[in-house]
Amino acid sequence: MRTTELVSGFRQSAPYVNAHRGKTFVVMLGGEAINQTGFRSIINDLALLNSLGIKIVLVYGARPQINQALHNAGLAANFHQQVRITDDDSFRIIKQVAGELQLDITARLSMSLSNTPMQGAQINVVSGNFVIAQPLGVDEGVDYFHSGRVRRIDTAGIRRQLDNNGIVLMGPVAASVTGESFNLTAEDIATQVAIKLKADKMIGFSEIGGITAEDGSIIAEMMPNYAEQLVQNIQPTLAACPSTLAFLQAAILACRGGVPRCHLVSFADDGALLQELFSRDGIGTQIVTESAEKLRQATISDIGGILDLIRPLEQQGLLVRRSREQLEMEINQFTLIERDGLVIGCAALYTFPEDNVAEFACLAVHPDYRDADRGSLLLNSIIQLARQQRFDKLFALTTRSIHWFLEQGFELLTVDDLPAQKKQMYNYQRRSKILALTL
């Protein structure tokens, strides 16, 4: 009996169903996608993901709908630095548009007619004050009025709803701690939610099937640095696709904030989302972090990268200054994280064999990559090295990161607890706190 395409496709998708179950996806549904006739199919596919045990946060935008509503009301759509200026009259319209879209999307996700793909589905769609906003304020003399940005995310509240198998729905209007409302971009919300939730994926929809190479083929995978080059040197094809450009910018930030994979798929191709997630080759473009990042021992060729990383912290007084010559002599003590050829994190292990203890020192992480807890990754690597060398204790000196070390299991000590050699070098003017971890 001939195996049908349905059976073959179902079998091939099974590993991905298992891999995605229980994972958290943040889906950014721009207003351009909502305007398309395929919007209904996208909603059906999101409902299918929910039924497969995938946790969905759906963030919707409304840029074209807002622009059209403002035009119909005889109001101009004003921007500064590509950010909407939301005055009182505009904001009244924006709140109406955002509210209508929220109701429409909720209604679509609630549909369970027998002749639809959502037959029998009982999806709990939850909206609420999960995002706390703050105003953008004034920039270059321009008042943004009711335009804002994300201040805080209620990750615990979102997780409670996701754990109850609900779809969390978020729109472009969010409240502040003062009881006001502000107009945010879907990109800002989706990016910050994905980072704070430590989402497994962020997914966006585009006018095109993905980012294309010079020969017209879809680039299946790219690193954030390459995506940033595309944004900075916008090609005509990309410039004509505002939702694609907006998602690329968001994906760069999300990946650098710790989101492993950001998928860009077409809102015009029916089933593109499912093909991207449940087939071997996919169909769109991924911005990824895994293959771009390596944890390894430092070599003499890394001196320049380490210096670029630690000099700003030394100037702020957060790290003890080290000369290039000193680094060259101590390079074998350093572990680093390299990403696309850039040193984005480092730490050192200094040993005191006579006291059977070691020191965790010179921890530094590039400011663009501090949201993914790479400090803990470096610490764990140093701990393993210290254990391999059979040291009893690992200590650290810090002036600013006391609570972080306590959270990692360290305990406070005194200067007298330091090994004799380190005690002689202790700088009483810096008054560093001493913490130690029993290995």
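The following exercises, each with a worked solution, concern a predicted model of a protein chain.

Residues are numbered from 1 along each chain as its sequence is written. Because the model is predicted, local features need pLDDT of at least 70 and side-chain atom pairs count only at pLDDT 80 or more, while totals for chains, interfaces and linings use all residues.

**Exercise 1. Overall description**

Determine how many helices and strands the protein chain has, and what share of its residues is buried.

Solution.
- Step 1. Helices (H or I, at least four residues) and strands (E, at least two) are taken as DSSP runs, numbered from the N terminus. The protein chain has 16 helices and 23 strands.
- Step 2. Buried means under 20% relative accessible area, exposed over 50%, and partly exposed in between, with a 1.4 Å probe and protein chains only. Of the 439 residues in the protein chain, 47% are buried.
- Step 3. Contact means heavy atoms within 4.5 Å. Among contacts with a separation of 6 or more, 70% are between residues 24 or more positions apart.
- Step 4. Along the principal axes, the C-alpha atoms fill a box of roughly 75 × 70 × 45 Å.

**Exercise 2. The nonpolar cores**

Identify which helix gives the most to the largest nonpolar core, and which residues Val-193 contacts.

Solution.
- Step 1. A nonpolar core is a set of buried Ala, Val, Leu, Ile, Met, Phe, Trp, Tyr and Cys residues joined through side-chain atoms within 4.5 Å. The largest has 45 residues, and those with the most contacts inside it include Val-26, Val-57, Met-202 and Cys-262.
- Step 2. Helix H10 (residues 242–256) gives the most to this core, namely eight residues.
- Step 3. Beyond its neighbours within four places in sequence, Val-193 is in contact with Val-26, Val-57, Ile-153, Ile-158 and Met-170.
- Step 4. Another core, of 40 residues, lies apart from it; Val-27, Leu-58, Ala-62 and Val-97 are among its members.

**Exercise 3. Strand pairing**

State the strand order of the open sheet of eight strands, then describe how E11 pairs with E6 and E12.

Solution.
- Step 1. Two strands pair if DSSP finds at least two bridges between them. Strands of a sheet pair through backbone hydrogen bonds, either parallel or antiparallel.
- Step 2. The order is E5-E10-E2-E1-E13-E15-E16-E14, and the pairing is mixed. Strands E5 (125–126) and E14 (221–222) are the edges, each pairing on one side only.
- Step 3. Within this order, E2 (residues 55–60) pairs with E10 (residues 167–170) in the parallel sense over three bridges. Val-59 stands opposite Met-170 in E10.
- Step 4. E6 (residues 131–135) and E11 (residues 173–176) pair in the parallel sense over two bridges, and Ala-133 has Ser-176 as its bridge partner in E11.
- Step 5. E11 and E12 (residues 181–183) run antiparallel and are joined by three bridges; Ala-174 stands opposite Phe-182 in E12. Four residues lie between the strands of this hairpin, where Gly-179 takes a positive phi near 90 degrees.

**Exercise 4. Two residue environments**

Is Glu-187 buried or exposed? Where does Asn-124 lie?

Solution.
- Step 1. Glu-187 lies in helix H7 (residues 186–197). Because its relative accessible area is 15%, Glu-187 is buried.
- Step 2. Not counting residues up to four places away in sequence, Glu-187 touches Met-28, Arg-63, Ala-246 and Ala-250.
- Step 3. Asn-124 is in the loop between helix H5 (88–110) and E5. With a relative accessible area of 41%, Asn-124 is partly exposed.
- Step 4. With residues up to four places away in sequence not counted, Asn-124 touches Gly-166 and Ile-167.

Methods. Heavy atoms only, no water.
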